[in-house]
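Me: I should be grateful for a close look at a single part of the structure shown below. Please begin with that part and then follow its connections outward in one continuous account.

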Amino acid sequence: MGKLRHIAFISAEPKIQSDFYQEYFGFEECKVFPSGSRMVIDPLFNLAFLQQAAVQVAVAGTHRADGSENELTVGIHHYGFMVDNLDTAVAKLPSGLTRGANPQISAGVSGPEAARPAEVRFIDPWGNNVDLSSRGYLGREEKKLPGVRLLAVQVPELDEACAFYKGQFELEAVGRESDGSIRLSDGTVTLLLTKTQTRPKNGVQYFGIQVNDLASVKKRLQDGSVAISEGAKGQIQFNDPEGNRVVVSENGWTN
């Protein structure tokens, strides 16, 4: 079974992003790369803020060798699944999908200091970059709140995307919304497949953090001058320092 455990962002200021999620949600910074990229965990789920600066030649379909990416647009870039066996997961991929290698080098530094968790990347049938890792994304598989519990991905063919992700990662369908959106779950984190596009770029639209006490989180964000909007019942929304949309819920998304 695959477990959704990673979202990576192209970031102009990785430290600002890392500090934000540490301050308001108590996430832990677990890695700082030579390139300036940073990672935090909740501690189940990994958020990676990849330095935007392109300082080395990129190879199409791979991670950049300096720990950032061959992409200049700030925002959510890709997501990743932890799998039990990498070879088995790769063998299940349709033969026609583009796959990329993952050089484990960052700003000229190799070895454990620079290695990134992902082992293989593929591009799904709708153009989304998806990472696979059997060694995990530096999280501890410790379930506590606040924690990332939702990733919303815009796809044009909901049923086809549902069949692909169910088959590839053995996710369970846990709900269907009135607009046709489908919720799949690995038992902890929900993948929302939707036709609704809320940002200029296709693919990943936003992610969600579940909390124990929504009122206190809302007050903390407002006290920090973070603009809040009301979402669905029991939810609020805000944009982080680099404009990524985040939904916060007390109830979660599996039911």
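Reply: Pro43 is situated in the loop between β3 and β4, and this loop is the starting point of the account. The model is predicted, and every value quoted here is computed from it. The peptide bond that leads from Asp42 into Pro43 is cis, with omega near 10°. Most peptide bonds are trans.

The strand ahead of this loop, β3, is joined to β2 (residues 28-32) by four bridges, and the two strands run antiparallel. Within this pairing, Lys31 stands opposite Met39 in β3. β2 and β3 form a hairpin with five residues between them, and in its turn Gly36 has a positive phi of about 100°.

Asp42 also takes part in a side-chain pairing. Side chains of opposite charge can pair when their charged atoms come close. Here the partner of Asp42 in a salt bridge is Arg149, with the closest N and O atoms 3.7 Å apart. The pair connects distant parts of the chain, 107 residues apart: Asp42 belongs to the loop between β3 (38-41) and β4 (46-51), whereas Arg149 belongs to strand β11 (residues 147-154). The whole structure contains 14 salt bridges.

The segment that leads into β11 has backbone features of its own. A second proline, Pro146, is found in the loop between β10 (129-133) and β11. The peptide bond that joins Leu145 to Pro146 is cis, with omega about 0°. Glu141 has its place in the loop between β10 and β11 as well. The phi of Glu141 is near 55°, a positive value in a residue other than glycine. Most residues other than glycine have a negative phi.

Through Arg149 the account now reaches a sheet. β11 belongs to an open sheet of eight strands with mixed pairing, in the order β12-β13-β14-β11-β15-β18-β17-β16. β12 (172-176) and β16 (229-230) are the edge strands; each has a single partner strand, so one side of each is left without a neighbour in the sheet. At one of these edges, β16 is joined to β17 by two bridges, and the two run antiparallel. Ser229 stands opposite Gln237 in β17. Helix α1 (residues 14-25) packs on the sheet, where it touches β15, β17 and β18, and its direction makes about 30° with that of β15. Helix α3 (residues 158-169) also packs on the sheet, touching β12, β13 (182-185) and β14, and its direction makes about 5° with that of β13.

Several strands of this sheet also contribute to the largest pocket, which holds about 610 Å³ of space. At least two lining residues come from each of β5 (75-82), β14 (190-194), β15 (203-210), β17 (235-239) and β18 (245-249). The lining comprises 28 residues, of which Leu192, Thr198, Tyr206, Gln237 and Val247 lie nearest the centre of the pocket. Gln237 is thus named twice, here and as the residue opposite Ser229. By class, the lining has nine nonpolar, 13 polar and six charged residues.

The second largest pocket has a volume of about 170 Å³. Among the 14 residues that line the second largest pocket, His77, Gly127, Asn128, Lys201 and Asn202 are the closest to its centre. β5 and β15 each supply at least two residues of this lining, and β5 gives the most, with four residues. The lining of the second largest pocket has four nonpolar, seven polar and three charged residues.

Conventions. Residues are numbered from 1 along each chain as its sequence is written. This is a predicted model: local features need pLDDT of at least 70, side-chain atom pairs count only at pLDDT 80 or more; totals for chains, interfaces and linings use all residues. Side-chain values use heavy atoms; hydrogens and water are left out. On a 1 Å grid over the protein atoms alone, a cavity is a set of points where a 1.4 Å probe fits but cannot get out, and a pocket is an open set with protein on both sides within 12 Å along at least five of seven lines; lining residues have an atom within 4 Å of a point. Grid points are joined across faces, edges and corners, and a volume is the space filled by probe spheres set on the points. Ala, Val, Leu, Ile, Met, Phe, Trp, Tyr, Cys and Pro count as nonpolar, Asp, Glu, Lys and Arg as charged, and the others, Gly among them, as polar. Two strands pair if DSSP finds at least two bridges between them. Contact means heavy atoms within 4.5 Å. Axes are lines fitted to C-alpha atoms, for helices over the stretch in contact, and angles run from 0 to 180 degrees between N-to-C directions. A salt bridge is a side-chain nitrogen of Lys or Arg within 4 Å of a carboxyl oxygen of Asp or Glu.
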